[in-house]
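User: Hello! I have a new model on my screen and would like to go through it with you, one question at a time.

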Amino acid sequence: MNSVLLDSSDFISEKELELASLRWDKVKESYYKRLKELGLLRFVSLRIWNKENIARLGFVFEYKDEKAFKACLRVWKEIDAMESEDMI
């Protein structure tokens, strides 16, 4: 059975959201290939509109199974470290 994970990220402003999206667009293909090999079936990012006018992105991750999810965690940690480095 497939495993699905939903997540979201809030940003200080629309500009920060746009910058994060542009940065991800530049590197996502190299990571997506690795994640797919580990069992990621689908990854979708979407803009969430809300009453509070918060700049928010939502993410849907679909994995082959729990084992695939766990295998992909190390890649996501690598991506998170890269993003944190860019913020410094």
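Analyst: Happy to help! Let us begin with a cut-off: a residue counts as exposed when its relative accessible area is over 50%, and as buried when that value is under 20%. Please keep in mind that this is a predicted model.

User: Is Asn53 buried or exposed?

Analyst: Asn53 is found in the loop between S2 and S3. Its phi is near 60°, a positive value in a residue other than glycine. The relative accessible area of Asn53 is 66% and the cut-off is over 50%, so Asn53 is exposed.

User: Which pattern does the chain follow along the sequence?

Analyst: There are two helices and three strands in the chain. Taken along the principal axes, the C-alpha atoms fill a box of roughly 35 × 30 × 15 Å. Read along the sequence, the pattern is β-α-β-β-α.

User: What share of contacts between residues at least 6 apart in sequence joins residues at least 24 apart?

Analyst: One pair that lies far along the chain is Glu18 and Ala55, 37 residues apart in sequence. In space, their C-alpha atoms are 9.5 Å apart. For the contacts you ask about, the share is 62%.

User: How does Glu18 count by relative accessibility: buried, exposed or partly exposed?

Analyst: Glu18 has its place in helix H1. Its relative accessibility is 39%, and the class between under 20% and over 50% is the one that applies, so Glu18 counts as partly exposed.

User: Is Arg56 buried or exposed?

Analyst: Arg56 lies in strand S3. Leaving aside neighbours within four places in sequence, its contacts include Ser8, Asp10, Leu17, Leu46 and Asn50. Its relative accessible area is 18%, which is under 20%, so Arg56 is buried.

User: And Glu62, is that residue buried or exposed?

Analyst: Glu62 is also found in strand S3. Not counting residues up to four places away in sequence, Glu62 touches Asn2, Ser3, Val4, Gly39, Leu40, Leu41 and Arg42. With a relative accessible area of 16%, against a limit of under 20%, Glu62 is buried.

User: Which residues have the most contacts inside the largest nonpolar core?

Analyst: In soluble globular proteins, nonpolar side chains tend to be buried together. Here the largest nonpolar core has 16 residues, and H1, S3 and H2 each supply at least two of them. Trp76 touches Trp24, Leu35, Phe43, Phe61 and Tyr63, not counting residues up to four places away in sequence. The residues with the most contacts inside the core are Leu35, Tyr63 and Trp76.

User: Which element gives the most to the lining of the largest pocket?

Analyst: The largest pocket holds about 720 Å³ of space and is lined by 27 residues, with Ser9, Trp24, Phe59, Ile79 and Glu83 nearest its centre. Strands S1, S2 and S3 and helices H1 and H2 each give two or more residues to this lining. The element that gives the most, with nine residues, is H2.

User: How many residues of that lining are nonpolar?

Analyst: The lining of the largest pocket also has three polar and seven charged residues. The number of nonpolar ones is 17.

User: Last one: how much of the area the chain exposes do carbon and sulfur atoms supply?

Analyst: Of the 88 residues in the chain, 25% are buried. The chain exposes about 6600 Å². Carbon and sulfur atoms supply 56% of that area.

How values were computed:
Residues are numbered from 1 along each chain as its sequence is written. This is a predicted model: local features need pLDDT of at least 70, side-chain atom pairs count only at pLDDT 80 or more; totals for chains, interfaces and linings use all residues. Side-chain values use heavy atoms; hydrogens and water are left out. On a 1 Å grid over the protein atoms alone, a cavity is a set of points where a 1.4 Å probe fits but cannot get out, and a pocket is an open set with protein on both sides within 12 Å along at least five of seven lines; lining residues have an atom within 4 Å of a point. Grid points are joined across faces, edges and corners, and a volume is the space filled by probe spheres set on the points. Helices (H or I, at least four residues) and strands (E, at least two) are DSSP runs, numbered from the N terminus. Ala, Val, Leu, Ile, Met, Phe, Trp, Tyr, Cys and Pro count as nonpolar, Asp, Glu, Lys and Arg as charged, and the others, Gly among them, as polar. A nonpolar core is a set of buried Ala, Val, Leu, Ile, Met, Phe, Trp, Tyr and Cys residues joined through side-chain atoms within 4.5 Å. Buried means under 20% relative accessible area, exposed over 50%, partly exposed in between (1.4 Å probe, protein chains only). Contact means heavy atoms within 4.5 Å. Accessible areas come from the Shrake-Rupley method with a 1.4 Å probe; for residues, only the protein chains shown count as cover.
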